[in-house]
Every structure is written in structure tokens, then in C-alpha cells.
Amino acid sequence: MIRKNIDNLTSLWETVGKSFNTFFQFHDFALSIAENSDWPNKIWFMNDINEHSLSGAIDKINENSINFSIPYWDIYESGSSGILEDHGFTLKSEQVGMSMKLDKKFEYEKRLKIIEIANEADAGVFEFIYPLAFRYKISQDTILNTRGKIKFYLALADEKPVGTAILYKTGDTAGIHGVGILPEARRKGFAEEIMKYLLNESILLGAKYSTLQASNMGKAIYLRLGYSEDFLLKNYLFPESGKEKKQS
């Protein structure tokens, strides 16, 4: 399940990068960029990090005016995240990789209208509200460029947008991403309703497993739904790179 989770996540980033012709794969790592967007803008490693592979990645960071995020899946039991920290990378956030077997549909109170984005106007709404929940931007162009490959959703309460979600299927696995609720609409059970909707959609798509990466704020919901914790995901930033370098 760890491999299914990571493969879904990296394939998602790769799909976005390819839609802009800005996905590049090297021997030890890959990178994906989306124009006018904060996401994915990732560099990730094929295997455990070492000095050689990190040196190559740092060269690419220094060649670009992008603030790349560097995901590190803590699955090697090698302590290699220390190499990142020794080279000036700072820990931005931590998430828990989680998974669940899909063997039943979920019943839930249908208070929300959940729509898959299919036009420019709805993509614009998603771009506008997503940073209110997550503090980073997914551009309208990213959504429109990947239609038919990645499912982006808006959740509406009384016709007003209150939440977002992303669903992406690889093989028999449906990855759930970007489930966010606007601050003023939180603590009403909307996130759990969105999750149950997405899990049912995953089953309709033929998925046998669901994966996600949970923050501390969302983990309790996912455990309640039946997910198990599989690995720790650390997200690093290199403060001397990208926009910060250009501004100095």
C-alpha cells in the first residue's frame, strides 16, 4: 500500500507537469512544474536520497525561479532526511500516508452539492477558494489542462462554494487529494461528507483501494472512516532557491 500511495501521488504530479510540457525525469529524481501555480512544483527522488542525487537536484533548483517543494517519504529507515537538513532544506510540513480497502459504499447526509469541474468558470472559482483552505494556489489552467485525467471538485452549500477536492486513479488505486474546507464552513462535518462522496465515486471508477496524505487536522476523520496509517511524508523547502533568490 505504501508503493500504491507514492505511485499515485507522483503520477498525479507527473500528469500535471506533462500537461504544461514541464515534467522532466532524470536518473535519480524527477521534477514537475505548473505555470502560474504553486502546485505541484515538486522535485522527488526515485530511491533513498544520497549526496550525489541531492547534488543533482540542487543544481536544478538553482536553474529555476521556482520555489520547489521536496517530498521525502520516511520509508527507508536510513535517516537520510538529515542530508536534506545538512544542505539547508527546512521542514515545511508533515503528513501521514494512509490507505484503505474499498469494500463498501458509504451512506451520508447529502447537504452539499458536489460538482466535478468541467468549465472555465468553475475552474476559476476553484483557483480562488483553494488558497483560502490551503494557503497555496492551484491555477485555473492546471485544472483545464488536465481535464479527463484528473477530477477536480467543488463542494457547495446553499449554492455557495465551501470546499474542494481532487480524485486521481492509478491502476486499482484512487488517490484523494486537496480536500479542503473554507475556514468559515469548518466544524460542520462537510469534510467527512466530501470524503464519503469521493470514496463512493472511487468504487464506481473500479478502484479497490483508496490512498491519501493526511495532515494532523484531518487524520482523525480518515481513521474514523477506516483508513490505516502507513508512512510519514515530510515536505522540505530550500530557502535559497527560486523566488527568494530572485528577490535578493
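**Exercise 1.** Which residues are buried in helix H7 (residues 216–225)? Then work out how they are arranged around the axis.

*Solution.* This is a predicted model.
Step 1. Pick out the buried residues of H7: Gly218, Ile221, Tyr222 and Leu225.
Step 2. They span an arc of only 95° around the axis, so they sit on the same side of H7.
Step 3. Recall the general rule: an α-helix has 3.6 residues a turn, so residues three or four places apart point the same way.
Step 4. Turn to the face directed away from the buried side. There you find the exposed residues Asn216 and Arg224.
Step 5. Find the packing partners. The buried residues of H7 pack against strands E5 (90–101), E9 (173–181) and E10 (209–214), and against helix H6 (190–204).
Step 6. Step past the end of H7. Gly226 comes just after it, with a positive phi of about 120°.

**Exercise 2.** Decide whether Ser210 is buried or exposed, and describe its surroundings.

*Solution.*
Step 1. Locate Ser210: it belongs to strand E10.
Step 2. Its relative accessibility is 0%, and buried means under 20%. Ser210 therefore counts as buried.
Step 3. Look for a polar partner. The side chains of Ser210 and Tyr227 are joined by a polar contact of 2.5 Å.
Step 4. Leave out residues up to four places away in sequence. Ser210 then touches several residues, among them Met98, Ala174, Ile176 and Leu199.

**Exercise 3.** Classify Val162 as buried or exposed.

*Solution.*
Step 1. Val162 lies in strand E8 (residues 160–170).
Step 2. Its relative accessibility is 9%, so Val162 counts as buried.
Step 3. Beyond its neighbours within four places in sequence, its contacts include Leu112, Ile181 and Phe190.

Technical notes
Residues numbered from 1 in each chain as written. Predicted model: local features only at pLDDT ≥ 70, side-chain atom pairs only at ≥ 80, totals over all residues. Heavy atoms only, no water. Helix = DSSP H or I, 4+ residues; strand = E, 2+ residues; numbered from the N terminus. Buried < 20%, exposed > 50% of the residue type's maximum accessible area, 1.4 Å probe, protein only. Contact = heavy atoms within 4.5 Å. Arc of directions from axis to C-beta. Polar contact = N/O pair within 3.5 Å; in protein donor to acceptor, adjacent residues only side chain to side chain.
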